[in-house]
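This report describes selected features of one protein model, from its loops to its interior. Please consult the sequence and the structure alongside the text.

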Amino acid sequence: MEMTTILHSSLTNPPFTAHLSPSKFPRSFSTPFRLRTSLSFSPSLPPKSFPTNCSVSDDTTSSANVATVDLSIALKKKATDVSADLRGTSIFLVGMNNSVKSSLGMLLADLFRYYYFDSDALVSEAAGGESAAISLKESDEKGFRESETEVLKQLSSMGRLVVCAGDGAVQNSTNLALLRHGISIWIDVPLDMVAKGIIGNKSLLLSSEIAISGSYSEVLSQLMALYEDMRRGYATADATVSLQKVAYQLGYEDMDAVTTEDITMEVLKEIERLTKVKKMMEAAARPF
């Protein structure tokens with residue numbers, strides 16, 4: 001069915017304006033959907049006042065707050081440094097669906113002043129909601145996969161996006177080729193953490209082959225099988241950022257201690273490395 005998808009932004013001065021070309025979706029996609037941006041800016045808050053009598057725990061909390069502020073400043077500086085060479089190139093985050101990846105994506109979009117999209121959320125919206133999308137996947141697997149490809153096709157035609165790509169993004173050569181329109185980064189999160197997240201949030205299952213119901217051990221077992229199928233596709237990404245490796249580098253024994261800011265800094269470093277390599281290659285290709 002013919003339909004036109006239009007990018008709508010609630011920003012007063014959006015970084016770009018784009019109209020998506022008419023496209024074909026499976027018959028189940030009977031109504032147009034809108035790509036929505038979740039880029040938002042928080043108003044400045046008045047400084048907090050602290051009591052004059054501080055305990056040791058207060059000092060510890062204060063130190064942690066200072067460290068968080070310092071990291072936030074460092075992230076903004078790094079993003080500013082990287083932006084010049086990034087030149088509006090979109091960023092695609094691949095890997096098992098989990099809250100780490102989505103939180104990272106939203107923070108990256110905020111730092112770069114990009115739009116943020118979740119490809120699975122767009123597929124759901126086009127289908128008429130999560131329940132309808134799951135029903136479509138169960139009744140028309142081919143149509144569901146075609147819709148995933150169509151969403152990626154439209155997103156890859158734009159710039160200045162951070163996209164959390166669903167598992168379908170790495171399941172065929174067409175989708176993998178679409179990811180080449182930007183920088184792709186594999187966010188590698190331990191499967192036990194992914195399994196715990198799925199138990200708490202069933203919407204993470206949309207593009208996966210994991211059963212909707214099941215115990216933690218059953219979900220983990222299915223995730224391990226799915227991971228083996230997806231790993232080769234994930235490995236084609238331009239860079240990999242491992243949560244386990246970040247935790248080790250920071251000296252954390254518990255991976256839950258790794259913050260969104262911690263892993264975002266590692267992603268920014270990888271993007272910086274990739275843009276520098278591209279710049280060097282472009283310089284080497286110029287005639288003398």
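Helices (H or I, at least four residues) and strands (E, at least two) are DSSP runs, numbered from the N terminus. The model is predicted, so local features need pLDDT of at least 70 and side-chain atom pairs count only at pLDDT 80 or more, whereas totals for chains, interfaces and linings use all residues. Residues are numbered from 1 along each chain as its sequence is written, and side-chain values use heavy atoms, with hydrogens and water left out.

**Loop arginines**

Most residues other than glycine have a negative phi. Arginine 87 departs from this sign, with a positive phi near 50°, and arginine 113 has a positive phi of about 60°. For the accessibility terms, buried means under 20% relative accessible area, exposed over 50%, and partly exposed in between (1.4 Å probe, protein chains only).

| Residue | Loop between | Phi | Relative accessible area |
|---|---|---|---|
| Arginine 87 | helix 1 (56-86) and strand 5 (91-94) | near 50° | 57%, exposed |
| Arginine 113 | helix 2 (99-112) and strand 6 (115-118) | about 60° | 48%, partly exposed |

**Helices 7 and 8**

Helix 7 spans residues 191-200, and its residues Leu191, Val194, Ala195 and Ile198 are buried. Seen down the helix axis, these buried residues fall within an arc of 100° (taken from the directions from the axis to the C-beta atoms), so they line one face of helix 7. An α-helix has 3.6 residues a turn, so residues three or four places apart point the same way. The face turned away from the buried side carries the exposed residues Lys196 and Gly200. The buried residues of helix 7 pack against helix 8 (contact means heavy atoms within 4.5 Å).

Methionine 224 lies in helix 8, residues 216-234, and is partly exposed at a relative accessible area of 47%. Its C-alpha atom is separated by 9.4 Å from that of aspartate 192, 32 residues apart along the chain.

**The cavity**

A cavity is a set of points, on a 1 Å grid over the protein atoms alone, where a 1.4 Å probe fits but cannot get out; lining residues have an atom within 4 Å of a point. Grid points are joined across faces, edges and corners, and a volume is the space filled by probe spheres set on the points. One cavity of 30 Å³ or more is found in the whole structure. The largest cavity has a volume of about 60 Å³. Its lining consists of Ser119, Asp120, Val123, Glu148, Leu152, Gly166, Gly168 and Ala169. Helix 3 (119-127) and helix 5 (141-156) each supply at least two lining residues, and helix 3 gives the largest share, three residues.

Conventions:
1 Å grid on protein atoms, 1.4 Å probe; cavity = no way out; pocket = protein on both sides within 12 Å on 5 of 7 lines; lining within 4 Å.
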